[in-house]
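Reader: I should like to see how the descriptive terms are justified by the computed values. Please show the model, and let us take the terms one by one.

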Amino acid sequence: MSAPAPLPLYRCAHCGRLHHPFHDRCLDCKRRDFDIIHPQGNARLLTYTVIVSLPEGFDQPALILGLAEFENGARALGQIKAGSAKELRTGMAVASRWETIRFVNGQPIHGIKFEPLE
Ligand SMILES: [Zn+2]
């Protein structure tokens, strides 16, 4: 089974601003040329939150979501593998994996999961 493609990010070829999702024009310089890049390396947790009222398809009572920045400057939102938010702090190192995050109509939906390294 092949792994699903990692999250694409769109980097403006002129000013370097990262976009996700895709925009027709750069939000800063308004040009239309983008390079597709992917998050690389480990990441640092920028912020996180806990969601306790989840939609259908999540087999868990609560979900911790975090925004992290990768070594190449890419930022991404993902689920965090932690027992509680008390285990987390902003700035901590996290590893990322592309995994099944939920099921919709029996089909797996993939996304980023972060795992604390500290
Ligand atoms: Zn730009």
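Reader: On what basis are Phe70 and Phe114 both called buried?

Author: Buried means under 20% relative accessible area, exposed means over 50%, and partly exposed lies in between (1.4 Å probe, protein chains only). Both Phe70 and Phe114 fall in the buried class. This is a predicted model, in which local features need pLDDT of at least 70 and side-chain atom pairs count only at pLDDT 80 or more, while totals for chains, interfaces and linings use all residues. Residues are numbered from 1 along each chain as its sequence is written, and side-chain values use heavy atoms, with hydrogens and water left out.

Reader: What makes a set of residues a nonpolar core, and which members of the largest one touch the most others?

Author: The term covers buried Ala, Val, Leu, Ile, Met, Phe, Trp, Tyr and Cys residues joined through side-chain atoms within 4.5 Å. The largest such core has 16 residues, and Ala43, Leu45, Phe70, Ile80, Leu88, Val94 and Phe114 touch the most other members. At least two residues of this core come from each of strand 4 (43-51), strand 5 (63-70), strand 6 (75-80) and strand 8 (107-116); strands here are DSSP runs of E, at least two residues long, numbered from the N terminus. Strand 5 gives the most, with 3 residues. Domain 1 (1-38) and domain 2 (40-116) each contribute at least three residues to this core.

Reader: Which residues does Ala43 touch beyond four places in sequence?

Author: Contact means heavy atoms within 4.5 Å. By that criterion Ala43 touches Ala68, Glu69, Phe70, Met92, Ala93, Val94 and Phe114.

Reader: Why is the pair of Tyr10 and Phe22 called edge-to-face?

Author: Rings of Phe, Tyr and Trp (its six-membered ring) pair if their centres lie within 6.5 Å; planes under 30 degrees apart count as stacked, over 60 as edge-to-face and the rest as tilted. The whole structure holds 3 aromatic pairs. For Tyr10 and Phe22 the centres are 5.2 Å apart and the planes meet at 75°, so the distance satisfies the limit and the angle places the pair in the edge-to-face class. Tyr10 lies in strand 1 (residues 9-12) and Phe22 in the loop between strand 2 (18-19) and strand 3 (34-37), so the pair ties together parts 12 residues apart in sequence. Tyr10 is buried at 17% relative accessible area, whereas Phe22 is partly exposed at 46%.

Reader: What makes the pair of Phe70 and Phe114 tilted?

Author: The centres of Phe70 and Phe114 lie 6.1 Å apart, with 45° between the planes. That angle is neither under 30 nor over 60 degrees, so the pair counts as tilted. Phe70 belongs to strand 5 and Phe114 to strand 8, so this pair ties together parts 44 residues apart in sequence.

Reader: How do you know that Glu99 and Lys81 make a polar contact?

Author: A polar contact is a pair of N or O atoms within 3.5 Å; within protein, one must be able to donate a hydrogen and the other to accept it, and residues adjacent in sequence count only if both atoms are side-chain atoms. The side chains of Glu99 and Lys81 are joined at 3.1 Å, so the distance meets the limit. Glu99 is located in strand 7 (residues 93-104).

Reader: Is Lys113 buried or exposed, and where does its side chain reach?

Author: Lys113 has a relative accessible area of 17% and is therefore buried. Lys113 lies in strand 8, and its side chain reaches the backbone oxygen of Thr100 at 3.5 Å. Beyond four places in sequence, the contacts of Lys113 include Gln79, Lys81 and Glu99.

Reader: What makes the phi values of Lys30 and Asn105 worth listing?

Author: Most residues other than glycine have a negative phi. Lys30, which is not a glycine, has a positive phi of about 70°; Asn105, also a residue other than glycine, has a positive phi near 55°. Lys30 sits in the loop between strand 2 and strand 3 and is partly exposed at 46%. Asn105 is in the loop between strand 7 and strand 8 and counts as exposed at 79% relative accessibility.

Notes. Helix = DSSP H or I, 4+ residues; strand = E, 2+ residues; numbered from the N terminus. Domains from an automatic or database assignment.
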